[in-house]
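I opened my notebook for a quick look at this one. Two topics are on my list: sheet pairing and cysteines.

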Amino acid sequence: MAGAPFGGADLDAVGWDSYPLGFLESFRFSDAGKLAYARQGHPDIAAFHHDLYRGCAANGRWWVLEQQPGPVNWARHNPAPMAGMVRLWTLEAMAHGAELVSYFRWRQAPFGQEQLHAGLLRPDDESAPVLGEVETVAREIGDLGPLGSGPRQVALIFSYEADWVTSIQPQGAGLSALWAAFDFYSGLRQMGLNVDIVHPSASLDGYELCVIPCLPIVSDVLLRNLEKFCGQVVVGPRSGSRGTDFAIPDGLPPGALFPGKVSRIESLRPGLAHEGDGWRIEQWLEHLETDAEPELVAADGTTASWRAGSIRYLGAWPTPDIVRALLGLAVLDTNLSTHNLPEGLRLRQAGDHIFAFNYGNESCDVPPSIPECVVLGDRKIIPAGVAVYKNVLN
Amino acid sequence: MAGAPFGGADLDAVGWDSYPLGFLESFRFSDAGKLAYARQGHPDIAAFHHDLYRGCAANGRWWVLEQQPGPVNWARHNPAPMAGMVRLWTLEAMAHGAELVSYFRWRQAPFGQEQLHAGLLRPDDESAPVLGEVETVAREIGDLGPLGSGPRQVALIFSYEADWVTSIQPQGAGLSALWAAFDFYSGLRQMGLNVDIVHPSASLDGYELCVIPCLPIVSDVLLRNLEKFCGQVVVGPRSGSRGTDFAIPDGLPPGALFPGKVSRIESLRPGLAHEGDGWRIEQWLEHLETDAEPELVAADGTTASWRAGSIRYLGAWPTPDIVRALLGLAVLDTNLSTHNLPEGLRLRQAGDHIFAFNYGNESCDVPPSIPECVVLGDRKIIPAGVAVYKNVLN
Amino acid sequence: MAGAPFGGADLDAVGWDSYPLGFLESFRFSDAGKLAYARQGHPDIAAFHHDLYRGCAANGRWWVLEQQPGPVNWARHNPAPMAGMVRLWTLEAMAHGAELVSYFRWRQAPFGQEQLHAGLLRPDDESAPVLGEVETVAREIGDLGPLGSGPRQVALIFSYEADWVTSIQPQGAGLSALWAAFDFYSGLRQMGLNVDIVHPSASLDGYELCVIPCLPIVSDVLLRNLEKFCGQVVVGPRSGSRGTDFAIPDGLPPGALFPGKVSRIESLRPGLAHEGDGWRIEQWLEHLETDAEPELVAADGTTASWRAGSIRYLGAWPTPDIVRALLGLAVLDTNLSTHNLPEGLRLRQAGDHIFAFNYGNESCDVPPSIPECVVLGDRKIIPAGVAVYKNVLN
């Protein structure tokens with residue numbers, strides 16, 4: 001499992017509460033984006049938390065303490081999950097390594113403040129519609145047997161400290177390390193990759209790619225680990241921009257992370273952009289004095305990212321489009337195989353099983369890059385559907 | 001008059017302050033909707049309050065204590081009423097049963113906090129433009145003589161308790177019993193019907209239609225009154241959903257109001273809808289297990305309303321479109337005559353007089369269903385115009 | 001210099017802090033308007049403050065204490081100024097009469113709360129890109145020599161008291177004397193005129209035009225000065241509407257400022273407008289009883305402005321379009337020469353020099369009305385460019 005435990009070293013197990021529909025509200029998608037996943041939740045929200053909290057668990061033991069089983073009572077809008085989603089969310093948690101998924105709550109309470117928070121039973125003790133899904137998924141989990149952990153593909157480095165630093169001095173409205181991490185994570189998932197979200201002190205052994213979305217304070221441990229690291233590295237903005245005393249380092253950012261000096265930082269209002277080929281420099285721009293090779297360069301000559309050996313530095317905000325372009329370049333330099341996934345489809349490899357989850361509103365076919373051996377489901381997956389394939393050669 | 005008085009039993013008379021232009025701001029119309037009635041106020045706002053406070057008056061005595069006579073000083077925008085509107089508002093209050101209409105204020109105060117609140121006189125003691133309208137309407141009221149009360153057509157049941165319950169646990173942003181009541185009221189008015197807004201304990205004798213827009217806590221008195229009631233009943237969402245202990249009743253909502261069990265409740269974000277024929281299930285959806293006959297069914301098979309004998313239950317939020325569809329069905333089963341009114345035209349029957357008020361921005365003709373005998377005005381009514389017809393056969 | 005000093009009479013010099021990009025956020029331009037000037041600041045913001053604080057300085061001595069030299073750290077968005085803008089802002093301050101322009105800060109601080117506030121030096125003591133501009137402009141200022149003060153053309157009367165009165169009782173959302181002053185100022189600048197923003201007690205000697213954008217409380221000194229004044233006068237809404245006791249004057253506004261009585265005041269929601277020829281009555285409308293000649297009259301007959309001799313009264317809110325129409329009429333009755341300026345170009349005459357500043361995103365040609373003698377730059381001016389011409393005949 002991922003190394004350093006974000007302060008979870010002395011916990012027996014780590015647990016979190018997964019409410020994919022309610023959480024959709026607090027993420028920064030457009031209204032149209034929220035509408036598209038109103039009954040499923042965004043395909044990366046639950047998985048992001050699974051992969052984050054797995055990294056918090058010293059011994060890899062983590063649970064979903066409360067899994068949303070139906071409409072809840074506390075978000076602005078509380079629709080019912082699409083039929084099948086509770087099964088999907090459950091299998092997804094298992095695929096990401098959960099030891100336990102517990103539904104909250106057993107029976108919808110007929111009194112108190114949470115009367116309209118669904119349970120597996122209705123307030124009158126009859127089965128809620130979701131109970132059948134839960135019975136099905138319990139059987140499926142048993143049939144699949146122990147899954148084993150996922151292959152080490154991508155280490156995404158996140159630190160709560162980074163989010164504190166960037167929230168205290170955001171420098172541009174709404175920009176913080178958490179959102180940088182989420183958008184890099186989502187970009188990696190859209191390529192079908194397994195991601196471990198790890199503490200900056202975690203070992204990078206065995207990974208092909210290390211992504212550092214936004215890490216102002218860089219520890220010596222991380223620098224040493226990167227020095228030993230044989231894979232590709234992607235570094236995002238503001239990384240290396242502060243010392244442990246919260247001051248700009250003497251030699252200017254990004255310091256030892258990448259050869260160069262950030263001489264100027266701008267945050268950009270909506271619409272103020274430098275257009276690239278399928279991407280734009282938006283929201284944030286660092287001017288880097290460097291001998292490194294410019295890679296992503298906008299039509300007006302502004303450089304978004306540079307490459308020095310196996311390390312790439314992104315001086316722009318990691319919006320989905322620029323993340324896609326940058327990761328596309330980095331992955332080509334690794335041995336990772338990516339998948340060309342339909343929108344809303346996500347994968348997770350656990351042991352020699354490859355899970356596919358269709359969060360989309362339309363049925364879709366898994367791409368030919370998915371192994372032929374079907375363990376569960378089919379190669380066409382309906383909305384809220386799940387399929388499992390076996391990687392016979394792995 | 002309407003029965004139980006909302007706590008007004010020991011008052012000699014009930015009064016309220018009518019500011020149709022200022023109130024427009026705090027209602028939930030779109031910007032375009034507010035703009036259309038910027039100089040008139042929405043055609044149902046003043047009338048809704050008239051009919052509500054008449055129901056609060058134990059002995060039917062109610063007054064308009066402060067009638068807006070011109071631009072006021074406290075809303076975000078304070079335009080002048082369209083010429084004629086102060087006369088219209090005054091005649092409308094009388095038609096709804098007001099005993100007295102008092103203008104606030106006599107003279108625009110040249111000092112203090114309300115210097116830009118218009119009066120019948122200007123700050124320099126000269127007549128404000130509105131004084132002529134007020135003199136005209138005073139003469140007209142005298143000429144019309146005592147009007148008599150309106151016929152019992154529709155009882156709309158409202159309770160402040162219902163609004164408290166739904167505001168405390170709205171379950172979906174901005175949904176509460178008050179707005180459900182207003183939208184049902186507006187739908188009834190667009191059909192030209194006389195509405196009494198009454199307390200849940202009020203007698204229903206003599207009404208053709210009883211509308212219960214949203215009434216979580218249902219009293220035994222109401223159930224007994226409904227049992228005796230010979231007319232049609234329309235019940236809106238969340239009705240019967242709570243006991244007096246604020247808990248979900250054992251047998252699930254809507255309890256004795258309608259045969260069935262609400263097994264699941266969803267609130268829906270804007271855009272998440274089930275399309276019907278000229279209406280949509282939006283904002284709120286209850287799943288009802290029932291043997292009752294589905295009436296309004298969306299194209300995807302989702303049921304919005306059911307009928308069981310003379311009672312209809314609406315499981316969706318009462319938006320204007322769905323209210324129109326549902327009331328259209330219910331009224332067909334009564335002896336009520338409705339009117340096909342141009343937009344912005346509203347009626348009120350008082351004794352054997354039928355008043356017509358044109359809140360619209362264009363002149364309009366009253367429909368042929370209006371009696372031929374013209375007491376005041378004409379069959380074409382200009383914007384801000386009023387006409388009175390006599391129901392010779394009534 | 002302008003007369004009474006807004007309370008600055010006992011100060012040796014007056015100073016202010018000029019952050020054109022950060023200030024853009026807090027002005028009321030549309031998003032598109034802010035985007036157009038995202039890297040320059042709006043062309044009238046810095047100049048408005050220069051001309052205002054010059055009027056606060058008893059002896060005409062005023063400084064820019066902090067001039068933005070690059071991206072700052074405190075606005076919602078903090079882009080870099082367009083190359084050349086720091087030079088432009090500096091020359092503009094000098095042209096408006098600044099005795100000193102000091103950049104904040106000398107060195108970008110590598111510690112504390114303002115680490116991302118640019119300086120002339122970077123945090124590592126190297127020159128920031130802007131240092132070259134500052135060296136250039138220092139040389140240019142020396143070469144130009146003492147500039148002399150500008151000709152008296154327009155006195156724009158502003159008082160902090162006026163802004164307090166209108167902010168306390170705005171009567172319409174967001175309407176206050178400050179914004180009225182700014183929009184009149186911007187309209188005057190678009191005609192290429194020199195403006196002095198002066199206290200209501202300032203002498204009007206030598207001016208061709210006096211603009212009183214919005215002055216509720218009118219002093220006897222101002223009335224006496226206007227009586228002696230030979231130029232044209234433009235008076236905006238709410239002027240003369242209050243006594244020093246904050247009460248509406250006995251004879252109704254605008255009192256001695258203009259013959260007539262404001263009998264009614266309306267504030268208008270967005271979209272509620274009276275269309276004129278290239279302008280609209282929006283946001284605010286005063287009904288004036290007067291024998292004065294209506295000048296700007298909307299298509300529906302509503303009068304926006306009247307003329308009585310050399311005085312014009314505007315009863316509508318001074319939006320940019322109506323300001324342009326009204327000033328156009330007033331200036332025709334003066335000896336002032338105006339200039340037909342491309343968007344984003346601004347002028348300032350100082351002594352016999354005429355400065356031209358291109359705030360626009362495109363290169364532009366100065367109009368033929370500009371003197372032929374070029375002291376600095378050329379007749380075509382690039383974005384962020386400055387040119388200086390000499391008025392040989394003046």
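Entry one. Which residue of E7(B) is the bridge partner of Ile212(B)? I looked it up in the model, which is a predicted one, and found Val235(B) in that role.

Entry two. I then checked the two strands around this bridge. Strand E6 of chain B covers residues 209-212, strand E7 of chain B covers residues 232-235, and they pair in the parallel sense over four bridges. A reminder to myself: strands of a sheet pair through backbone hydrogen bonds, either parallel or antiparallel.

Entry three. Next I traced the sheet in chain B. I read its order as E5-E4-E6-E7-E14-E13-E12, seven strands in an open sheet with mixed pairing. At the edges I found strand E5 (195-198) and strand E12 (293-297) of chain B, each pairing on one side only. Neighbouring strands of this sheet are turned by 20 degrees against each other on average, direction ignored.

Entry four. How many disulfides does the structure hold over all chains? I got zero. For the record, a disulfide is a covalent bond between the sulfur atoms of two cysteines.

Entry five. I wanted to know why, and picked two cysteines to follow up. For Cys364(B), the closest cysteine sulfur is in Cys373(B), and at 19 Å that is too far for a bond. Cys364(B) counts as buried, because its relative accessibility is 9%.

Entry six. Cys56(C) came next: its sulfur lies 17 Å from the closest cysteine sulfur, that of Cys210(C), so the pair is too far apart for a bond. With a relative accessible area of 8%, Cys56(C) is buried.

Conventions
Residues numbered from 1 in each chain as written. Chains lettered and ligands numbered in written order. Predicted model: local features only at pLDDT ≥ 70, side-chain atom pairs only at ≥ 80, totals over all residues. Heavy atoms only, no water. Pairing = 2+ DSSP bridges. Axes fitted to C-alpha atoms, helices over the stretch in contact; angles between N-to-C directions. Disulfide = S-S within 2.5 Å. Buried < 20%, exposed > 50% of the residue type's maximum accessible area, 1.4 Å probe, protein only.
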